[in-house]
Amino acid sequence: MAGSGTAHLRPDAERVVVVDDLVVEYPAGRGKVHAVSGLSLDLLPGETLGILGESGCGKSSAGRAVMQLPSPTSGSVRLGDVELTGLRARRMRAARSRMQLVLQDPVSALNPRRRVKDLVVEGLEIWGWGTRERDTFVDELLSSVGLDPETVRERRPHELSGGQCQRVCIARSLALDPDVLICDEPVSSLDVSVQAQILNLLERARERLRLSMIFIAHDIAVVKNISDRVLVMYLGKTCEVLPSASLEAALHPYTRLLLASVPDAADAGGADAPAVVGELPSPLAPPSGCRFRTRCPLATERCTIEEPVLREVRPGQFTACHHVDAPEES
Amino acid sequence: MSTPLLEVTDLRTVFHTPRGDVHAVDGVSFSLAPGESLGLVGESGSGKSVLGRTVMGLIGSGATTTVSGSVLLGGRSVHDLRPAERRRLWGPEVAMVFQDPMTSLNPVKRVGTHLTETLRRHLRCSRADAVERGIDLLRQVGIPEPARRMRQYPHELSGGMRQRVVIATALACDPRLLIADEPTTALDVTVQKQILDLLASLVAERTMAMVLVSHDLGAVAGRTDRVQVMYAGRTVESGPTRPVFAAPDHPYTDALLASIPRLGNPPHTLLRTIEGNPPDMGRPPEGCRFAPRCGFASARCAEEQPVAAVVPGGREVACHHPILEVSRGR
């Protein structure tokens, strides 16, 4: 079936997470919202995969479906050798402790009535881990995310800043020593200077704990800075998968459009880039064929009829577009 | 240089709260010539939005607020006008675009009503005239099928379209000054670029002056003539946009720019961060407010408030130890 293709998967490598043909649909009145339509991805140990896209492209739905929050409409999600879809509740909870989610709004992600010292070890309590060395463990966790245990231990979320709350969220997601961390726009509600602190924190935690990470964001520069590999989504489909080091050599017209839209304080060149037309079509009735064709400068008759499938255009770079040719190696 | 359209001198906005006085804007001065655009940047809590609103006259002295200093718009003091006179100013002289286009439109009124209301009130034109002008305004801000859009309600439009309607409403009476407070923060990157380009072209076409308030340095970079960087209620640096961003003189501007992830960085780059948090505006530090977080701070910075001094290149920098060309070794 013409999904978005699976050419970019790496079946020969050791993989922590394998997602195959993931579909997420939500009922909406008489129709349904096609949030994610046939997404496939895999994650190697210690790798960071960035998922990039605008609001409504299904990137958050995809991240949550991987966590089974809620379970996807169809498709498979494997964590190590455990198939997560269709697991019974008890085993699902066990599997989920190896995967943690960090959300966009850190303040609403924390129970406002609990203190920081209880919030960070909530996961451990659920799993009945000993309370003997609890205090030292709390302090270690808080220090590891750059918080001063003395100051914040007894506080409640409303007494902390947004950046501090996000640090608490990260601390508690690391408490269970997960294999995979899924970050859904973890820095988009934060100020620039705080954003840099959190990004550095995630980067150091990944190195120290050998985490695999799925990093979901709309900011192309943020995604590039933190990821090894970037997957670009548009309206529930994959446009392009490529190593983040060669992101600027992206070929898919949508990735090019995103690149051209970046306002950069340094070169102030954003204003000279080509004008962009149109907005995201409704995910209730996505366009036939290639979903980007309504805004694409290259679109032709063929794009209406036939859906493009991911194919390798350069080593490690996979593009789903009829009008992109593999450039000649010179 | 022609006479300034807007002249703000030593403006102070103090909120009296139960926890003490909060000096949100603390002695800010600037002027704006007709057709000139100014970027007002800073992190949350820097006072940039309060400054925008005080200039507009939306925040004035009252039981809980004290405004001092002066705001002269076309030679008239905004804060000494009677309320009825000030209302006549809003529209033909100065108009404002807010961050969230959904909450600045009335959800039970049609798009057309928003436009014709303003037109009929200020220009005293007939209903049919107003409708015709409204359609023309929607066309100017790039809304397709303007006649049909006039009859729709705000919820029927996308976020980008709504913001265009808000901009059209603000432009209805052909203001001489437009204050845009984070106009694109709620929008997607590709749409953000469209809106910023639209504002920039409207400013050029109408020789309208614009104050663009934003936390996003990139958004301000390509589209303003001058930039003013705020920290904790005060201006730290101001000057021509391009040179300021290319080689900042104030350590805060420098650190802020360095903490933005760049597209040109290789993956897994650690960013330079600004340690600590912005000060509590109820109890700001003595002397330079950035001193506790500044890498260049000396004993003098903790005691003596730096005064804005003109440095070569037409910039003003409020710092005892500015990073001037000499120390940069150029």
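**Exercises on a two-chain predicted model**

Leu202(A) touches Ile170(A), Leu181(A), Cys183(A), Pro186(A), Met213(A), Phe215(A) and Ile226(A), leaving out residues up to four places away in sequence. The coordinates come from a predicted model.

**Exercise 1.** Place Leu202(A) within the nonpolar packing of the model.

*Solution.*
1. Begin with the contacts of Leu202(A), which include Phe215(A).
2. Leu202(A) and Phe215(A), together with Val120(A), are the residues with the most contacts inside the largest nonpolar core, a set of 63 residues.
3. The element giving the largest share of this core is α8(A), with 7 residues.
4. Another core lies apart from it and has 61 residues, including Val192(A) from one chain and Ala170(B), Leu171(B) and Leu212(B) from the other.
5. As background, nonpolar side chains tend to be buried together in soluble globular proteins.

**Exercise 2.** Describe the contact between chain A and chain B by its residues, area and polar pairs.

*Solution.*
1. Chain A contributes 51 residues and chain B contributes 45 residues.
2. About 3700 Å² is buried between the two chains, and carbon and sulfur atoms give 55% of that area.
3. Between chain A and chain B there are 0 salt bridges.
4. Polar contact is found for 15 residue pairs, both residues being at pLDDT 80 or more.

**Exercise 3.** Which helices of chain A each supply at least two residues of the side that touches chain B?

*Solution.*
1. The helices are α8 (192-209), α9 (220-226) and α10 (253-261).
2. The largest share of that side, 11 residues, comes from α8(A).
3. By residue class, the side of chain A that touches chain B has 24 nonpolar, 15 polar and 12 charged residues.

Conventions:
Residues numbered from 1 in each chain as written. Chains lettered and ligands numbered in written order. Predicted model: local features only at pLDDT ≥ 70, side-chain atom pairs only at ≥ 80, totals over all residues. Heavy atoms only, no water. Contact = heavy atoms within 4.5 Å. Buried area = accessible area lost by both parts, 1.4 Å probe. Salt bridge = Lys/Arg side-chain N within 4 Å of Asp/Glu carboxyl O. Polar contact = N/O pair within 3.5 Å; in protein donor to acceptor, adjacent residues only side chain to side chain. Helix = DSSP H or I, 4+ residues; strand = E, 2+ residues; numbered from the N terminus. Nonpolar A, V, L, I, M, F, W, Y, C, P; charged D, E, K, R; others polar. Core = buried A, V, L, I, M, F, W, Y, C linked by side-chain atoms within 4.5 Å. Buried < 20%, exposed > 50% of the residue type's maximum accessible area, 1.4 Å probe, protein only.
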